[in-house]
Amino acid sequence: MKKKILQNQRLNMKKGLLLFLVSSVLLCISAFAQPTVLYTGLGTSSGTTPAPSNNRYTLNTVGGFRQYRFQSNTTVSVSTTGWAFSTGTTGSPNYSPNWRPTTSNNTLSSNAFIPTSFSNGAKYNSSGGGSDGLLPAITSGNYYTFNVSANSSADNVMSLLETSFNPVTISTVTQAVGTYGSLTVTITTSATPNASENIFVRYSTNSYSASTLVQATGSGTTWTATIPWQSSAVSYYVYSSNRSSSSITSDVSTYSTQGVHDMSTLNLNNNSGSNYSWTPP
């Protein structure tokens, strides 16, 4: 009798341990599930370049956020095309969780920061909840850049940047001592930027809890910006945007988040993720 009781106790302990391990694995998967796939209704081989897989695209990791850009080959009316972020792969997406509006009939705005408080943004939905968001009017030939932050189990900020041009890449960044203890940053782009394409140097002395934006000036593929002398070490990187410095800094103040910079980014050069550094004299 005692032997049978001991066997039952051991069996129950094994079952309990197994349930614990399974729940722990599921918890870990949920905790590290970040947006990896973008779905858009522009999912035909004639609708976008490059052609997607089943209307889905793999998000690229850019800095600390995710991004995907495509050129539309078709014109679509406002609020007739859907979008959503999910986990998994383009061939096997997983919508538990996903990031999309929690309710239907929410249309995304282009060239604007979408904070977590907005109903038309990347809301966290577990177990396949939520409803696909709707895109603004899509123009054939234009480029569309989706940006989304990488929170795993919470709402994400996002943006959809629309441009009539394919953004240039930021090829090289070099620095040299300037006048009055300043730093001159020289930037080389892959081509001449569009007139609506701004090149910014974003710098910080406190790990980007706060930061300052300096717009570069120049012509062709060579641009420069000056970081004035600072009383402590500086970290900086370069990014391009079709948004103006005033609109970006205004959103940072309005929504009290530095994430506005990421969501305003077309392309960036952050020294392979390490950022550039400078210790002022």
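Colleague: Let's start with one residue: is Asn111 buried, partly exposed or exposed?

Modeller: This is a predicted model, so keep that in mind throughout. Asn111 counts as partly exposed because its relative accessibility is 31%, and the partly exposed class runs between 20% and 50%. Asn111 is found in the loop between β7 and β8 (124–125). Its backbone deserves a look too: phi is near 55°, a positive value in a residue other than glycine.

Colleague: Which loop holds Tyr180, where phi is also positive?

Modeller: Tyr180 is placed in the loop between β12 (170–177) and β13 (183–189). Its phi is about 55°, and Tyr180 is not a glycine. With 80% relative accessibility, Tyr180 counts as exposed, because anything over 50% goes in that class.

Colleague: While we're on backbone geometry, which residues does the cis peptide bond join?

Modeller: Ser96 and Pro97, with omega at about 10°. Pro97 sits in strand β7, which covers residues 93–99.

Colleague: Let's zoom out. How many helices and strands does the protein have?

Modeller: You'll find 3 helices and 20 strands. For the chain's contacts, take pairs of residues at least 6 apart in sequence: 70% of those contacts join residues at least 24 apart.

Colleague: Can you give me a case of residues that are apart in sequence, say Asn206 and Ser235? What separates their C-alpha atoms?

Modeller: The C-alpha atoms of Asn206 and Ser235 are 8.4 Å apart, with their positions 29 residues apart along the chain. Asn206 belongs to the loop between β14 (198–204) and β15 (212–215), and at 34% relative accessible area Asn206 is partly exposed.

Colleague: Now the inside. How should I read a nonpolar core?

Modeller: The general idea first: in soluble globular proteins, nonpolar side chains tend to be buried together. Here, buried residues make up 45% of the 281 in the protein. The largest nonpolar core has 20 residues, and those with the most contacts inside it are Leu38, Trp83, Phe85, Leu108, Leu135, Phe146 and Met158. At least two residues of this core come from each of β5 (65–72), β6 (82–88), β10 (143–148) and β11 (158–163). The largest share, 3 residues, is from β10.

Colleague: Which residues does Met158 touch?

Modeller: Leaving out residues up to four places away in sequence, the partners of Met158 include Trp83, Phe85, Leu108 and Phe146, and also Gly121, Asn147 and Met263.

Colleague: Which residues does the second core include?

Modeller: That separate core has 18 residues, among them Val173, Val214, Val234 and Trp278.

Colleague: And the surface: what area does the protein expose?

Modeller: About 13400 Å², with carbon and sulfur atoms supplying 52% of it.

Colleague: Last one: how do I read a pocket?

Modeller: Rolling a probe the size of a water molecule over the atoms shows where empty space is left. In this model, the largest pocket holds about 270 Å³ of space. Its lining has 18 residues, and Gly63, Gly64, Phe65, Arg202 and Asp262 lie nearest the centre.

Colleague: How does that lining divide into nonpolar, polar and charged residues?

Modeller: The lining of the largest pocket has 8 nonpolar, 8 polar and 2 charged residues. Helix α3 (residues 259–263) gives the most to it, with 3 residues.

Definitions and conventions
Residues are numbered from 1 along each chain as its sequence is written. Side-chain values use heavy atoms; hydrogens and water are left out. A nonpolar core is a set of buried Ala, Val, Leu, Ile, Met, Phe, Trp, Tyr and Cys residues joined through side-chain atoms within 4.5 Å. Buried means under 20% relative accessible area, exposed over 50%, partly exposed in between (1.4 Å probe, protein chains only). Helices (H or I, at least four residues) and strands (E, at least two) are DSSP runs, numbered from the N terminus. Contact means heavy atoms within 4.5 Å. On a 1 Å grid over the protein atoms alone, a cavity is a set of points where a 1.4 Å probe fits but cannot get out, and a pocket is an open set with protein on both sides within 12 Å along at least five of seven lines; lining residues have an atom within 4 Å of a point. Grid points are joined across faces, edges and corners, and a volume is the space filled by probe spheres set on the points. Ala, Val, Leu, Ile, Met, Phe, Trp, Tyr, Cys and Pro count as nonpolar, Asp, Glu, Lys and Arg as charged, and the others, Gly among them, as polar. Accessible areas come from the Shrake-Rupley method with a 1.4 Å probe; for residues, only the protein chains shown count as cover.
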